[in-house]
Amino acid sequence: MLRMIVAALCYLMCGAVTLFIFRLYFLEVRKMNLDRLMKQNVEQCENVQYAPSKRMKEEDGSLVKWTLRPLTTKEYDNIMEKHTQRNIASKRKGGTSVQVDMVAVLDDMVLTSLVEPSLADLENKNLQDSWGVFEPLDLLKAMLTAGEMTDLREEVQSISGFDAEATADLADEIKKK
């Protein structure tokens, strides 16, 4: 009986040693170098110069360029939450339905992305009065044609790391449901 216990312990110990060596070898080989993930080693996203309209020109005739910045994940999540409505439906209809106002999401992304002109610039009373509007978003929509606004939305999505076409497809899919 003692021999069986000793044999079992030897087997378990050999198995444990083998498992330990296996884990040590493969974990060391596969271990990621976390230094590559340190903030100082990751390329930072840069602001972008963007001409939203061929109709807006500087005094020298060059196009007026706006400065846009990429959105952080937290900013995007906050925007999505702001424009997501959860409706509790009857149990027969499947419980909860979710509606996302994608146009409002994209418009908020644009407003958040603007560096120059800034949101404060768009709140300027004289500028708003010249276009006959009272809100920053209304000012943007008055200043830009529908196509220019769509292009601006796509540019903000692009610099924030989104594939604009995939986002548009997702919006269409949501509308169908």
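## Strands and the overall layout

Strands here are DSSP runs of E with at least two residues, while helices are runs of H or I with at least four, both numbered from the N terminus. Asparagine 87, for example, lies in strand 3. With that settled, let's look around this model, which is a predicted one.

The protein chain has eight helices and five strands. Reading along the sequence gives the pattern α-β-β-α-β-β-α-β-α-α-α-α-α. Of its 177 residues, 26% count as buried. The accessible surface comes to about 13,500 Å², and carbon and sulfur atoms hold 57% of that. Among contacts with a separation of 6 or more, 49% join residues that are 24 or more positions apart in the chain.

## Strands 3 and 4

Let's stay with asparagine 87 for a moment. Is asparagine 87 buried, partly exposed or exposed? Its relative accessible area is 24%, so asparagine 87 is partly exposed. The residue has a partner in space: asparagine 87 and serine 97 are 10 residues apart in sequence, with their C-alpha atoms 5.2 Å apart.

Next to asparagine 87 comes isoleucine 88, also placed in strand 3, which covers residues 84-88. Isoleucine 88 counts as exposed because its relative accessibility is 80%, and the cut-off for exposed is over 50%. Its C-alpha atom is separated by 8.8 Å from that of valine 98, 10 residues apart along the chain.

Valine 100 belongs to strand 4, which spans residues 96-100. With a relative accessible area of 17%, valine 100 is buried, since buried means under 20%. Which residues does valine 100 contact, leaving aside its neighbours within four places in sequence? They are Met80, His83, Thr84 and Val105. As for glutamate 81, 19 residues apart from valine 100 along the chain, the two C-alpha atoms are separated by 8.8 Å.

## The largest nonpolar core

The largest nonpolar core has 26 residues. The members with the most contacts inside this core are Trp66, Leu68, Met109, Leu140, Leu144 and Leu152. At least two core residues come from each of strand 2 (66-68), helix 2 (73-82), helix 3 (102-113), helix 6 (136-143) and helix 7 (146-159). Helix 3 gives the most, with six residues.

Leucine 140 makes a handy guide to the surroundings. Leaving aside neighbours within four places in sequence, leucine 140 is in contact with Trp66, Val110, Leu111, Leu114, Leu122 and Met149.

## How helices 3, 6 and 7 pack

Start with helix 3 and helix 6. Their axes come within 11 Å and cross at roughly 95 degrees, and the two helices are therefore roughly perpendicular to each other. On the helix 3 side, Asp107, Val110 and Leu111 meet Pro136, Leu137, Leu140 and Lys141 of helix 6. By class, this contact has five nonpolar, no polar and two charged residues.

Helix 3 also packs against helix 7. Here the axes come within 9 Å and cross at roughly 70 degrees, which makes helix 3 roughly perpendicular to helix 7. Helix 3 brings Val103, Leu106, Asp107, Met109, Val110 and Ser113 to this contact, and helix 7 brings Met149, Leu152, Arg153, Val156, Gln157 and Ile159. By class, there are eight nonpolar, two polar and two charged residues.

The remaining pair is helix 6 with helix 7. How do helix 6 and helix 7 lie to each other? Their axes come within 8 Å and cross at roughly 120 degrees, and the helices are therefore oblique to each other. The contact is made by Leu137, Leu140, Lys141 and Met143 of helix 6 with Glu148, Met149 and Arg153 of helix 7. Its residues divide into four nonpolar, no polar and three charged.

## A cis peptide bond

One more feature deserves a stop. Most peptide bonds are trans. The bond from glutamate 116 to proline 117, however, is cis, with omega near 0 degrees. Where does proline 117 sit? Proline 117 is found in the loop between strand 5 (114-116) and helix 4 (119-122).

Definitions and conventions
Residues are numbered from 1 along each chain as its sequence is written. This is a predicted model: local features need pLDDT of at least 70, side-chain atom pairs count only at pLDDT 80 or more; totals for chains, interfaces and linings use all residues. Side-chain values use heavy atoms; hydrogens and water are left out. Buried means under 20% relative accessible area, exposed over 50%, partly exposed in between (1.4 Å probe, protein chains only). Contact means heavy atoms within 4.5 Å. A nonpolar core is a set of buried Ala, Val, Leu, Ile, Met, Phe, Trp, Tyr and Cys residues joined through side-chain atoms within 4.5 Å. Axes are lines fitted to C-alpha atoms, for helices over the stretch in contact, and angles run from 0 to 180 degrees between N-to-C directions. Angles under 35 degrees count as roughly parallel, over 145 as roughly antiparallel, 65 to 115 as roughly perpendicular and the rest as oblique. Ala, Val, Leu, Ile, Met, Phe, Trp, Tyr, Cys and Pro count as nonpolar, Asp, Glu, Lys and Arg as charged, and the others, Gly among them, as polar. Accessible areas come from the Shrake-Rupley method with a 1.4 Å probe; for residues, only the protein chains shown count as cover.
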